[in-house]
Amino acid sequence: MLVKDAVAIMEKIAPKKLALDWDNPGLQIGRLNNRVTKVLFTLDLTPNAVKQAVKVKADLIITHHPVIYQKLANVADNEWQKDLLLQCAEKKIAVLSAHTNWDAAQGGVNDVLAKALGLKKIKLLDKETQIGRMGEVPSCDLEKFAAKVKKVLGVPAVTFISGGKKVHKVAVCGGAGGDFLDWVLQTGCDTFLTADIKYHLAQRGAYMGLNLIDGTHQGTERISMQEMLNKFKKYTKVDTVLFEDSILMEVV
């Protein structure tokens, strides 16, 4: 398999046309005709991920979050992410990313998240962007459902604020989904699971009668990386490995 073949496979799994306008999914660095014998999947391109790729002799790293969002003025080692790109280039490791296109894709971040939490009657949250999902769970207390979220995501803690309702109709959006708050309110959902919820947004949601749960950015997205790997393997027999580089903050 060549790098360009991996790009084509990811286009089938998470078409770039699904990405939001500001996003930059796709090949971040690498030669299209270089051979790929092993692929490492990881949420982010971190120093530990690059070290692991070198250790297992991976020729390609596929991440969820792109390293490059805006035009680069230079690629030097004075910034840590640029330094990682240099390291990959020097080791002839290509880097490919699927971001909001993976969020929106069928079987992507939000479908994995919804199914893992046991949501039934799953539907699109926002038909325009195709990001986010909503569904139903048996009616329960918010604290009980938040505890389930913590267990399913495997995070040390989640934060939540009550809108004064039982949990039944749930919306989910992996990563920072605060911009979807108004849309969630219009759907009639009583609970919204996302990440990076700001203080005043939490206040507003709760005052509008919406339960909010922050499952952390990493926690709500890394749950999908195994599925990305599984889908990729359906198209090729190349060796694959999943690397989970936890950067979650500790709780005392």
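## Aromatic pairs

In this predicted model, the count of aromatic pairs comes to 2. One of them joins Trp-22 and Tyr-69: the ring centres are 6.4 Å apart and the planes meet at 35°, so the pair is classed as tilted. The cut-offs behind that label are under 30 degrees for stacked and over 60 for edge-to-face.

Trp-22 sits in the loop between helix H1 (3–13) and strand E1 (26–29), while Tyr-69 belongs to the loop between strand E3 (60–63) and helix H3 (80–90); the pair therefore ties together parts that are 47 residues apart in sequence.

## Largest pocket

Trp-22 also appears in the lining of the largest pocket, where Trp-22, His-99, Gly-175, Ala-176 and His-217 are the residues nearest the centre. The lining comprises 22 residues, and the volume of this pocket is about 440 Å³. By class, 9 of the lining residues are nonpolar, 9 are polar and 4 are charged.

Helix H4 (100–104), strand E8 and helix H9 (217–222) each contribute at least two residues to the lining of the largest pocket. The largest share comes from E8, with 4 residues.

## The six-stranded sheet

E8 is also part of an open sheet of 6 strands, ordered E5-E6-E8-E9-E10-E7, in which the pairing is mixed. At the edges are strand E5 (120–124) and strand E7 (159–161), each of which pairs on one side only. From one strand to the next, the twist averages 25°.

Within the sheet, strand E8 (residues 167–176) pairs with strand E9 (residues 191–195) in the parallel sense, over 4 bridges. Ala-176, one of the residues nearest the centre of the largest pocket, stands opposite Ala-195 in E9.

## Helices on the sheet

Helix H5 (residues 109–116) packs on the sheet and touches E5, strand E6 (133–140), E8 and E9. The direction of H5 makes about 145° with that of E8.

Helix H6 (residues 142–153) packs on the sheet as well, with E6, E7, E8, E9 and strand E10 (211–214) as the strands it touches. The direction of H6 makes about 25° with that of E10.

## The N-terminal segment

Leu-2 is located in the segment before H1. Setting aside neighbours within four places in sequence, Leu-2 is in contact with Leu-32, Asn-33, Asn-34, Arg-35 and Val-36. The C-alpha atoms of Leu-2 and Arg-31 are separated by 9.1 Å, with the two residues 29 residues apart along the chain.

Notes: Residues are numbered from 1 along each chain as its sequence is written. This is a predicted model: local features need pLDDT of at least 70, side-chain atom pairs count only at pLDDT 80 or more; totals for chains, interfaces and linings use all residues. Side-chain values use heavy atoms; hydrogens and water are left out. Two strands pair if DSSP finds at least two bridges between them. Axes are lines fitted to C-alpha atoms, for helices over the stretch in contact, and angles run from 0 to 180 degrees between N-to-C directions. Contact means heavy atoms within 4.5 Å. On a 1 Å grid over the protein atoms alone, a cavity is a set of points where a 1.4 Å probe fits but cannot get out, and a pocket is an open set with protein on both sides within 12 Å along at least five of seven lines; lining residues have an atom within 4 Å of a point. Grid points are joined across faces, edges and corners, and a volume is the space filled by probe spheres set on the points. Ala, Val, Leu, Ile, Met, Phe, Trp, Tyr, Cys and Pro count as nonpolar, Asp, Glu, Lys and Arg as charged, and the others, Gly among them, as polar. Rings of Phe, Tyr and Trp (its six-membered ring) pair if their centres lie within 6.5 Å; planes under 30 degrees apart count as stacked, over 60 as edge-to-face and the rest as tilted.
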